[in-house]
Amino acid sequence: MRNVGLGGLELEQREKARLFREMHYAPQPLCLPNAWDVITARIFASVGFPAIATTSAGIAATLGYPDGEKISCAEMLAVVRRIANSVNIPVTADIESGYGTTLRETVDNVEQFIESGIVGINIEDSIRGVSGRQEDPLLQAEKIAAIRELAVRLDIPLVINARVDTLQSGVTDIEERLHETFYRADVYRAAGADCIYVFGEHEHGLIGRLVRGISGPLNILVGRDTPSIRELADLGVARVSLGPGVMRASMGLVKRVADELIHEGTYEYLRNATMSYHEMFGYLGPARQV
C-alpha cells in the first residue's frame with residue numbers, strides 16, 4: 001500500500017530527503033555515482049551506494065542530444081521519473097539550469113521533478129543556451145530561494161546542490177575567479193542552497209582552498225587528477241560525484257569492442273568485460289514505486 005502524505009506525496013519521499021541531507025554531514029564524503037537509465041541506477045544501488053544522482057549529459061546522449069539543455073524538460077523528466085521509481089534509495093537529479101526561460105517556468109519544472117520522486121536537485125548558474133556565461137548571482141539566488149519556498153510548501157526537505165561555474169569562465173586570473181566563486185557560494189547558501197558544487201576538475205591544493213572558503217558542504221566532480229576519497233575526506237569535502245564519467249567509460253569500452261572487432265576480427269574486450277545475460281536482466285525486475 002502506498003503511504004500517501006500531504007499533497008499526495010509519499011511520507012517515504014520526505015524521509016529519503018531527510019536522510020539524504022544528513023549524508024552531507026557524515027564523517028566520510030558522500031559518493032554519488034550518476035545513472036543515465038534504470039539499469040545503471042539498479043546496478044549502483046545493488047553494490048551498496050546509499051544514494052545516486054542522475055547525469056543530464058548522459059541522459060541527453062542516450063536520446064541523441066548534445067549536453068547543455070538541448071533536450072526538453074519533458075524528455076529529461078520522463079527518464080528521471082523512471083530512475084527514481086526503480087530504486088529504494090534517495091535519487092538526486094541533475095536539472096541543468098532548470099529548463100525554464102522564466103522564474104515561474106523553472107519553479108514549475110522543479111515541482112514536476114519533485115513529484116517524480118527525487119529528493120535533491122543539481123542546478124547550475126550558467127545561462128541556458130549561452131555558452132560561457134553565468135547568471136547574475138542575485139538572480140540565481142532568487143531562483144534558489146523560489147525553489148526552497150516550493151519545497152517548503154510541498155513539505156519535502158529537498159537538497160539543493162547549487163553549481164557554481166565561475167572556475168570555468170574566461171577570466172584568467174585564478175584569484176579573481178576564486179573571489180567570485182566564494183561570493184556566489186555565500187549568496188546561494190543564504191538563499192537556501194544546501195551544498196555548493198564548484199564545477200570542474202580540481203587538484204588537491206585548489207580543493208583545500210575551496211573547502212576553506214565555502215561555508216557548508218562542498219561537492220567535487222571526479223576527474224583525472226582528483227585525490228582519493230580518503231584524501232578528500234581529510235580535506236573536508238562532503239560530496240563527490242562522477243558526473244557523466246561512468247557513461248563515458250562505458251562508451252570507451254563500446255568503442256574498443258567495435259574497433260577490435262572491425263580491425264582485428266577478435267573479441268577479447270567483449271569477453272573480458274561482459275556481464276552475464278542472467279545478471280543483467282536480474283536487475284530489471286518489477287520497478288519499486290517510490
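This is a short tour of the structure above, going from the whole chain to single residues.

**The whole chain**

Start with everything shown as a cartoon, and keep in mind that this is a predicted model. You should find twelve helices and nine strands in the protein. The radius of gyration is 19 Å, close to the 19 Å that the globule rule gives for 290 residues, so the protein is as compact as a globular protein of that length. Turn the C-alpha trace onto its principal axes, and the spans come to about 55 × 55 × 40 Å.

Now switch on a surface. The accessible area is about 14300 Å², and carbon and sulfur atoms hold 55% of that area. If you colour by burial, 49% of the 290 residues come out as buried. A contact map is worth a look too: among contacts with a separation of 6 or more, 67% join residues 24 or more positions apart.

Next, colour the charged side chains. There are 29 positive and 38 negative ones, and the centres of these two sets lie 4 Å apart.

**Into the core**

Hide the surface and go inside. In soluble globular proteins, nonpolar side chains tend to be buried together. Here the largest nonpolar core has 71 residues. Which of its members touch the most others? Select Phe-113 and Ile-118 to see them.

Stay on Phe-113 and show what lies around this side chain. Leaving out residues up to four places away in sequence, Phe-113 touches Cys-73, Met-76, Leu-77, Val-80, Ala-93, Ile-95, Tyr-99 and Ile-118.

**From Phe-113 to Tyr-99**

Select Tyr-99, one of the residues that Phe-113 touches. Tyr-99 sits in the loop between strand 4 (91–94) and helix 5 (103–115). Is this loop residue buried or exposed? Its relative accessibility is 2%, under the 20% cut-off, so Tyr-99 counts as buried. Check the backbone as well: phi of Tyr-99 is positive, about 60°, although the residue is not a glycine.

For a second case, jump to Asp-155, a non-glycine residue whose phi is also positive, near 60°. Asp-155 belongs to the loop between helix 6 (137–154) and strand 6 (159–164). With a relative accessibility of 38%, Asp-155 counts as partly exposed.

**Two polar residues inside**

Go to Ser-56, which is in helix 3 (residues 56–62). Ser-56 has 4% relative accessibility and therefore counts as buried. Beyond its neighbours within four places in sequence, Ser-56 is in contact with Asp-67, Met-76, Asp-94, Glu-96 and Tyr-99. Tyr-99 and Met-76 in that list also touch Phe-113. For a longer line across the model, draw a distance from the C-alpha of Ser-56 to that of Leu-218: the two are 162 residues apart along the chain and separated by 20 Å.

Then select Gln-13 in helix 1 (residues 11–22). At 3% relative accessibility, Gln-13 counts as buried. What does Gln-13 touch, once residues up to four places away in sequence are set aside? The partners are Ile-114, Gly-117, Ile-118, Val-119 and Ile-156. You have met Ile-118 already, as a core member alongside Phe-113.

**Last stop**

Finish at Ala-84, in helix 4 (residues 73–84). Ala-84 counts as buried, with 2% relative accessibility. Draw a C-alpha to C-alpha distance from Ala-84 to Ala-41: the pair is 43 residues apart in sequence and 8.6 Å apart in space.

Methods:
Residues numbered from 1 in each chain as written. Predicted model: local features only at pLDDT ≥ 70, side-chain atom pairs only at ≥ 80, totals over all residues. Heavy atoms only, no water. Core = buried A, V, L, I, M, F, W, Y, C linked by side-chain atoms within 4.5 Å. Buried < 20%, exposed > 50% of the residue type's maximum accessible area, 1.4 Å probe, protein only. Contact = heavy atoms within 4.5 Å. Helix = DSSP H or I, 4+ residues; strand = E, 2+ residues; numbered from the N terminus. Rg over C-alpha atoms; globule rule 2.2 N^0.38 Å. Areas by Shrake-Rupley, 256 points an atom, 1.4 Å probe, with all protein chains shown as cover. Lys, Arg positive; Asp, Glu negative; His and termini not counted. Charge placed at Lys NZ, Arg CZ, Asp CG, Glu CD.
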